[in-house]
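Ready for some practice in reading strands and helices? Work through each exercise with the structure in view, then compare your steps with the solution.

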Amino acid sequence: MPDLIPQLAQQLSLSTAQIAQALQLLDEGATVPFIARYRKERTGQMDEIQIRALAEAYAYQTELAERRQAVLTSIESQGKLTPALREAIAACRQKTELEDLYLPFRPKRRTRATIARDKGLAPLAEAIGQLNHRRAPQANLAQMAQGYVTEPVPTPEAALQGAADILAEGVAETAAYRAWCRRQFLQTGLLTSRIPEAPPDSTKFELYRNYQIPLRRVAPHNLLALYRGAAEGVLKFRLEVDADAALAHLEQQEIQTRSPQVRQFYKDLIRDAFTRLIKPAITSEVLAQKKQEADEASIETFAVNLRNLLLASPAGMKPTLGVDPGFRTGCKVAVLDQTGRFLDYQAVFPHGSAKQRQAAAQTMKGMIEQYQVELIAIGNGTASRETDRFVAEVLQTTARQPVKVMVNEAGASVYSASPLAIAEFPDLDVTVRGAISIGRRLQDPLAELIKIDPKSIGVGQYQHDVDQKRLKQKLEETVVSCVNYVGVDLNTASRELLTYVSGLSSTVANNILAYRNQHGTFKNRRELLKVAKLGPKAFEQAAGFLRIRQGTNPLDQTAVHPERYAAVEAIAQGLNVPLSAPTQLAATLKQADLRQYTNDGLGLPTLQDIVAELEKPGRDPRAQFTYARFREGVNDIADLKPGMALEGVVTNVANFGAFVDIGVHQDGLVHISQMADRFVADPKEIVSVGQVVQVRVLTVEAKRKRIGLSMRSDNSP
């Protein structure tokens, strides 16, 4: 590790002390959220992004070091490790560089070159190679080859071909040549595609029918679309490169002789080396590199969208009616209390006969009054606008006036049929479970959405086409980050939510629930140490992220870590302010010089965090709750007209724009060019998932279910 610290510090633009301390904490088993929140003094206030970047860079360099040692061992065992080669291998900072150097020494399957060597043609290749310098004498290659004619090599031409195969492989395995071609392909390669069989306008890949773009400029979503189209057999794409430029470079670098015969011999073998060996291999490499970059961009977009969705403002833990709309099968209406606990459900048929509609109205009105409902969550799927209108009519007859919100139900059906939902509600129909999930999403999006596979939530971009292992890792990191950023109520949290808390495993999460069921609510954080398998290390990592409302210690409802309680209590006592009045203590501390309270174990950044927590104890860091109000009379795509001004909510953000729900069962697209009156490089700079936006209808294609929207001003060019 010490050898890597300066290199990592330079790579990540951090100090060596920051790198060393962060790596030590990670090695000791500290989690990223814990380090970022509670070890700011040790790391120089590194944030989660920096710590994760360090962890990934360290893992990469560690793997590289292990691979470097394996390569050195392999080459040394062959007796071919020279001091210069050892030095070159030691200088490698990328896996590609290392593999280029190792390629000539890597054990191979049978190639044309190995077959030629087996036939005894290596000396001929070496002899011809010795002729490739400026002062080499003229030579007759056919005469040289005559001495190598044998039964396996029947003619001089066959001998020369075998020698050429050996020399061509040597050219193709020269690290400098491969590196040059790799750079050249990336810089000047042209990506082209065609749709060979499908008639015009018959596929969703029409953009790529006669498509071409420099490889260096291809957008991630375009490249992923090409890969998907190729996988579905709709299109074919390839990378076109300037072969003449590559051959000219290779000939200039490789050919030294002035002998016309030897020069031509080398030109021919170089062309073969490029066409047969270098071009296919490097083409695959650069396409794989661009695909990896596209994957990373797509995964990053997915992670940002997921974060914004998980951190969407909660409507609050209030009595809620969750409604899963439907026409033929009716609407399932579930009642939840202020803790999200399921109380009751009814199936109503507001879209049937007049008698059914009247009965549905009476049932819903009764549920609202009986359970003192304050929130109504209506899923945005089939029959949502019709159900929304029906609920609005019901509310005109009720004394109570709960807030009515349309909720994105993406993934609710997946959750409803999951083992998790079945275990919680084994006797309920999947649609009722869906209504419960919709209601809980409104109460607290984070607590409910973490139960669903992120890939089912609908905020990804080509999510099934990217590296699935990397996607899973990134999305899990995002969920963990969000859960620990918000904090978790220890006495109401589900097992799933607890599992994402820093330092807690699924086993410990189960044990917390078992303890809670047996002993009742936790009275203070220290009581956690009585939970089976929750030792001091897990307590250290988790305690600050777990909240206890109305506990015995006022600090337990804040993000102040128990390890700092003694310091806070001493400060409160010194200022003669009771700990039971945290806001008063915060106000007093803000007027004081915090540096007077610092010591070797308690730095200014931590003190500033403590003051911020005391100012608003138990506060939720998420934004204030807002929701979109869909326009009355616009319920279907057929109701849309160009020029209409509407309110909507962003459901997904991609590299090329954002999708917005405007209440017509089909999201509209705000293309990146229509997001602002100025140039926009990245849609994520303008909008985020869950954001309420004002849009204007540009185009409507009812048959293709495409809606074009704009966020630009009416008079913008």
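**Exercise 1.** Find how many bridges join E12 to strand E13 in this predicted model, and which way the two strands run.

*Solution.* Begin with residues 668-671, which make up strand E13. Four bridges join E12 to E13, and the pair runs antiparallel. To place one pair of residues, look for Val660, which stands opposite Gly668 in E13. Now follow the chain between the strands: E12 and E13 form a hairpin with six residues between them. In that turn, Gly663 has a positive phi of about 85°.

**Exercise 2.** Work out how E12 is joined to strand E11, and whether E12 is largely enclosed or left open.

*Solution.* First take strand E11, residues 645-654, which is joined to E12 by five bridges in an antiparallel arrangement. Val649 stands opposite Asp661 in E12. The connection from E11 to E12 is a hairpin of two residues. Next, turn to burial: a residue counts as buried when its relative accessible area is under 20%. In strand E12 (residues 657-661), four of the five residues are buried, so the strand is largely enclosed by the rest of the structure.

**Exercise 3.** Give the strand order of the open sheet that contains E1, and explain why one side of E2 has no neighbour in the sheet.

*Solution.* Write down the order: the three strands run E2-E1-E3, with antiparallel pairing. Strands E2 (210-214) and E3 (236-240) stand at the edges with a single partner strand each, so one side of each has no neighbour in the sheet. From one strand to the next, the twist averages 15°. Then zoom in on strand E1 (residues 190-194), which five bridges join to E3. Arg194 has Lys236 in E3 as its bridge partner.

**Exercise 4.** Describe how helices H7 and H12 are placed, and which residues make the contact.

*Solution.* Two packed helices are described by the angle between their axes and the distance between the axes. For H7 (residues 95-102) and H12 (residues 175-188), the axes come within 8 Å and cross at roughly 140°. Angles over 145 degrees would count as roughly antiparallel; H7 and H12 are therefore oblique to each other. On the H7 side the contact is made by Thr96, Asp100 and Leu101. H12 contributes Ala175, Arg178, Ala179 and Arg182. Sort these residues by class and you get three nonpolar, one polar and three charged.

Note on methods. Residues numbered from 1 in each chain as written. Predicted model: local features only at pLDDT ≥ 70, side-chain atom pairs only at ≥ 80, totals over all residues. Heavy atoms only, no water. Pairing = 2+ DSSP bridges. Axes fitted to C-alpha atoms, helices over the stretch in contact; angles between N-to-C directions. Parallel < 35°, antiparallel > 145°, perpendicular 65-115°, else oblique. Contact = heavy atoms within 4.5 Å. Nonpolar A, V, L, I, M, F, W, Y, C, P; charged D, E, K, R; others polar. Buried < 20%, exposed > 50% of the residue type's maximum accessible area, 1.4 Å probe, protein only.
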